[in-house]
Amino acid sequence: MRVLLLCSAFNGLSQRVWLELRRAGHDVTVELAISDEVMVEAVELVSPDLVICPFLKERVPDRVWREFRTIVIHPGPPGDRGPSSLDWAITDGVAEWGVTALQAVAEMDAGPVWGFRLFSVPEDARKSELYNGPVADAAVSLALEVVGKAGDQGFVPAVQGAGRARRAMRHADREVSWAESTEVVVRRVAAADGAPGGRAELCGLGVRVFDVRRGPVVRGVPGSVVARCEGAVLVCTGDGSVWVGQLRLEGGGVKLPASLLLGDLVADVPERMGFVEVAYERVGAVGVVGFDFYNGAMSADQCRRLASALRYAVAQDTRVVVLRGGEVFSNGIHLNVIEAAPYPELEAWVNINAMNAVCREVVECTSQAVVASVGGNAGAGGVMLALGADRVVVREGVVLNPHYASMGLFGSEFWTYVLPRRVGAGVAGALTGDCLPVGAVEALGLGLVDRVVGGSRVGFEESVVEFAGSLDAGALVREKRVVRERDERRKPLEAYRVEELAEMSRDMFDDRRGFAAARRAFVGKERALVTPPHLAVHRALVSR
């Protein structure tokens, strides 16, 4: 079936739908919903059997849905309507939520139902966590179901009842009063996490608040900052405290680690353990280095902490080290911190060198086997970090973006070594040049990863540790030493680093590929003016 995806952005969810429909044998093309005219032009060009909107903030033009069957994936259960569905669900503290496939009609979210999925909402779940987890899983499943039903001439979608239309959330709905209970503060911010953030005042500044976690019961004036830890600040609430991980100044600016944004205002606040981004645990003969950085972005400071944790893990008397990422495994260097720095080019240079140091710890570990546990999406240097391991295990549904060019960079993290050794020079060139996402199953077929495991995130992580414990680590280490010695004689790892950084220096300091503009557009969430060329190429192939 010929399918057109209309998307506000080609985000992780849209990429998953694109990948799964293509894997199912359908011709799929993508168009960003830049304007009504662009969307109408796209359907006229592609003449699709079906239009699916996996992530669409805009209204579908009448001409599109009247002439082509158009299905909108709505992040709410049947009967729910409105643009702030997940936000209201988290704010109201619902125990169960859903995703519905609706046929587009004149009234938004009011069309016939083609299918739906329900899921449980974990306590304190952030909006981004729900969206990238159960919502994305349900959306992919529904997209496949919808295409199947579209080919069934006897299928008739169910007519919706009256439903419940809820307005878009307003600024007042996002207001955070630190005098309220910890539970209310956490829920208020969680409902706005990712964007636009909870509105609050902190240290005399109007800010948007993100990445909030429950803290200990402490005494203090609500809204006062009483501790710092790994970039976060501990803020007193009406009945306890919360750790605030990320802040952005109200009215603009860049989202940053809270203590970095507050700077001198919290310079004298004492350090206190409690906000954990990097941790180590031992399970028998397996040591697990866990790291969970917000949105997978790794600043120079975070890279140094992770490298230190890896050195500690390797020094233990375990046989295998598991490198376990968080909700997002890693997306490489921290573009927000770079953009906010007084000298962004210099900060980028420091950051990429620190990222390389982490990757080097993985590649050069010859005393233990290393297993990468990729339970969330990964991009650019984050993919290469995982590929440095001896075995790479990914969770079903994970999307990898092993490329740099769309950000105006040549790339580093030893990609010119770890990527070709897995897939060959030809495939490595295609992956980094085409700038297209790769699904878990496709990655397994390419040899990019070694295992794909389904199930919940907790179940996945347990499976990876079990797999790591089952490895013949001694044989793996002996083989690795032989291979590394051979590779080092042929071309030292340092040579790869120097060559890559020579290219990156021209990208960062001379800006030969447009890194500065691409970085600003990403950090500022600038709306795309055209569908990116790497998607347009694929669209042209499909349309032929």
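Biologist: What does the side chain of Glu-31 make a polar contact with?

Modeller: The partner is the side chain of Thr-531, at 2.3 Å from that of Glu-31. Please keep in mind that this is a predicted model.

Biologist: Where does Glu-31 lie?

Modeller: Glu-31 belongs to strand β2, which covers residues 27–32.

Biologist: And is Glu-31 buried or exposed?

Modeller: Glu-31 has a relative accessible area of 3%, so it counts as buried, the cut-off being under 20%.

Biologist: Let us turn to the interior. Which residues touch the most other members of the largest nonpolar core?

Modeller: They are Trp-178, Val-244 and Leu-306, in a core of 90 residues. Helix α10, residues 344–363, gives the most to this core, namely eight residues.

Biologist: Which residues does Leu-306 touch?

Modeller: Leaving aside residues up to four places away in sequence, Leu-306 touches Val-278, Val-289, Phe-291, Phe-293, Met-298, Leu-323 and Val-358. Apart from this core lies another one of 45 residues, which includes Cys-7, Trp-18, Leu-21 and Val-121.

Biologist: Phe-291 is on that list of contacts. Which residues form an aromatic cluster with Phe-291?

Modeller: Phe-293 and Phe-329 join Phe-291 in one aromatic cluster. The search of the whole structure finds 10 aromatic pairs. One of them, Phe-291 with Phe-329, is edge-to-face, with 5.3 Å from centre to centre and 70° between the planes.

Biologist: Where in the chain are Phe-291 and Phe-329?

Modeller: The two are 38 residues apart, and their pair links distant parts of the chain. Phe-291 is in strand β16 (residues 286–291), while Phe-329 is in the loop between β18 (320–324) and β19 (332–333). Both rings belong to buried residues.

Biologist: Which rings have a charged group over them?

Modeller: Tyr-496 is one of them: the charged end of Lys-491 sits over its ring, 4.3 Å from the centre. Phe-515 is another, with Arg-519 over its face at 4.8 Å from the ring centre.

Biologist: Next, strand β13. How many of its residues are buried?

Modeller: Eight of the nine residues of β13 are buried, and the strand, residues 241–249, is mostly covered.

Biologist: Which strands pair with β13?

Modeller: Strand β10, residues 205–214, pairs with β13 in the antiparallel sense over seven bridges. In that pairing, Arg-213 stands opposite Trp-243. Strand β12, residues 232–236, is also antiparallel to β13, with four bridges. There, Val-233 has Val-244 as its bridge partner. Strand β14, residues 256–257, pairs with β13 in the antiparallel sense as well, over two bridges. In this case Leu-247 of β13 faces Leu-256 of β14.

Biologist: How many residues lie between the strands in the hairpin of β12 and β13?

Modeller: Four residues lie between β12 and β13. The hairpin of β13 and β14 has six residues between its strands, and Gly-251 in that hairpin takes a positive phi near 95°.

Biologist: Which residues have a positive phi although they are not glycine?

Modeller: Cys-203 is one, with a phi of about 55°. Asp-211 is another, also with a positive phi of about 55°.

Biologist: Where are they, and are they buried or partly exposed?

Modeller: Cys-203 is in the loop between β9 and β10. At 31% relative accessibility, Cys-203 counts as partly exposed. Asp-211 lies in strand β10, and with a relative accessible area of 2% Asp-211 is buried.

Biologist: Which peptide bond is cis, from Ala-195 onward?

Modeller: The bond from Ala-195 to Pro-196 is cis, with omega near 5°. Pro-196 is placed in the loop between α6 (182–190) and β9 (198–202).

Biologist: What do the buried residues of helix α6 pack against?

Modeller: They pack against α4 (85–92), α5 (127–150), β10 and β13. The buried residues of α6 are Thr-182, Val-185, Val-186, Arg-188, Val-189 and Ala-190.

Biologist: Why would residues three or four places apart in an α-helix point the same way?

Modeller: An α-helix has 3.6 residues a turn, so residues at that spacing point the same way.

Note on methods: Residues are numbered from 1 along each chain as its sequence is written. This is a predicted model: local features need pLDDT of at least 70, side-chain atom pairs count only at pLDDT 80 or more; totals for chains, interfaces and linings use all residues. Side-chain values use heavy atoms; hydrogens and water are left out. A nonpolar core is a set of buried Ala, Val, Leu, Ile, Met, Phe, Trp, Tyr and Cys residues joined through side-chain atoms within 4.5 Å. Buried means under 20% relative accessible area, exposed over 50%, partly exposed in between (1.4 Å probe, protein chains only). Contact means heavy atoms within 4.5 Å. Two strands pair if DSSP finds at least two bridges between them. Rings of Phe, Tyr and Trp (its six-membered ring) pair if their centres lie within 6.5 Å; planes under 30 degrees apart count as stacked, over 60 as edge-to-face and the rest as tilted. A charge sits over a ring if NZ of Lys or CZ of Arg is within 6 Å of the ring centre and within 35 degrees of the ring normal. A polar contact is a pair of N or O atoms within 3.5 Å; within protein, one must be able to donate a hydrogen and the other to accept it, and residues adjacent in sequence count only if both atoms are side-chain atoms.
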